[in-house]
Structures are given as structure tokens and as C-alpha cells.
Amino acid sequence: VIKRFKGQKDAALVELGALLELIQMKDVEDVRPLLTRLNAGETLHEVFGKEEADGAWKRKTEALKKEIENTRDKNRGLVADSVQRYRMRVYEAETKRIKYLIEAGKLPPDTELPRKPSDDNAIED
């Protein structure tokens, strides 16, 4: 099954998911003949019928898209949190440095301290 999708990981995942769904739907007990047909080059359309294969493909494609989107959202949030923590560390270090220089008399007492980074999204799209 996967040979047809060399280099197309998402398509292979959808094909495999659709195959598993169809096997469950049809309550196939012995998958060996089915896998032999697929290995011989037949498609899910030829083995299960166009309508059922297309339905399974569509459901698995949508599920994969949703999973990818959820992963992107999660990663975007992780990056934003990381950037915000970095900005806070820079702010704290710079504030500490300026206060030290003021106390040491190397900067005037009215030297402006850095502004605290805002908490709204750390990254702009």
C-alpha cells in the first residue's frame, strides 16, 4: 500500500487510515487476501468500491488536517511562551544592569529603566 506513496507521508497516512477504517467497517476477519490484492497494485477503490473508499479517504484527510492544525496551534503557543519568557529574562537582566550602574554612579539617577514586555502575544504573525 505504502509503495505508491513514496515521499508522500501524509497521503500514505491517509491511505493507511482509510484502509484500517474500511477493514473495520466491513468487519474483515482475515486481511491477508485483501493485503495481497493491495500489494499487487489494486487500489482501495478497486477493493472496497469507489464510494466507500472515497468516504474513508475524505474522513481520514479531514482528521489529518485537523490534527495538523491542532499541532500548529500548539506549537505556535509554545513558541509564543518561549519568546515571552526570553523577553522577560532580557528585561530583568537589563533592569538589573541599569540599576547597578545607577547605584555605582556611572549613570544619572533619573536614567529611564526599560519597559516591562507586554503579556499580549509574544509573536506577531
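Leaving aside neighbours within four places in sequence, which residues is Thr95 in contact with? Thr95 is in contact with Leu113 and Pro114, where contact means heavy atoms within 4.5 Å. The place of Thr95 is in helix 4, helices being DSSP runs of H or I with at least four residues, numbered from the N terminus. At 9% relative accessibility, Thr95 counts as buried; buried stands for under 20% relative accessible area, exposed for over 50% and partly exposed for values in between, with a 1.4 Å probe and protein chains only.

The model is predicted, so local features need pLDDT of at least 70 and side-chain atom pairs count only at pLDDT 80 or more, while totals for chains, interfaces and linings use all residues. Residues are numbered from 1 along each chain as its sequence is written, and side-chain values use heavy atoms, with hydrogens and water left out.

Helix 4 is a good place to continue. It has 54 residues and reaches 79 Å from its first C-alpha to its last, close to the 80 Å expected at 1.5 Å a residue; the expected span is 1.5 Å times one less than the number of residues. Buried residues of helix 4 include Ala53, Gly55, Ala56, Leu64, Ala80 and Gln84, and further along Ile98 and Leu101. Helix 1 and helix 3 (44-48) are included in what covers the buried residues of helix 4. Just after helix 4, Gly105 takes a positive phi of about 80°.

Helix 1 also fits its expected span: its 17 residues should span 24 Å, and its end C-alpha atoms are 24 Å apart, which agrees. The buried residues of helix 1 are Ala11, Ala12, Val14, Glu15, Gly17, Ala18, Leu19, Glu21, Leu22 and Ile23. Their cover includes helix 2, helix 3 and helix 4.

How do these two helices pack? The axes of helix 1 (residues 9-25) and helix 4 (residues 50-103) come within 8 Å and cross at roughly 130°. Helix 1 is therefore oblique to helix 4. Here the axes are lines fitted to C-alpha atoms over the stretch in contact, and angles run from 0 to 180 degrees between N-to-C directions; under 35 degrees counts as roughly parallel, over 145 as roughly antiparallel, 65 to 115 as roughly perpendicular and the rest as oblique. Among the residues making the contact are Val14, Ala18 and Leu22 of helix 1 and Ala53, Trp57 and Leu64 of helix 4. The residues of this contact divide into 10 nonpolar, two polar and six charged, with Ala, Val, Leu, Ile, Met, Phe, Trp, Tyr, Cys and Pro taken as nonpolar, Asp, Glu, Lys and Arg as charged, and the others, Gly among them, as polar.

Leu44, in helix 3, touches residues of both partners. Not counting residues up to four places away in sequence, Leu44 touches Glu15, Ala18, Leu19, Leu22, Leu38, Gly49, Ala53 and Trp57. At 3% relative accessibility, Leu44 counts as buried. Leu44 and Asp54 are 10 residues apart in sequence and 8.6 Å apart in space, C-alpha to C-alpha.

The loops complete the picture. Thr43, in the loop between helix 2 and helix 3, counts as partly exposed at 25% relative accessibility. Asp27 lies in the loop between helix 1 and helix 2 (32-39) and is exposed, with a relative accessible area of 58%. Although not a glycine, Asp27 has a positive phi of about 55°.
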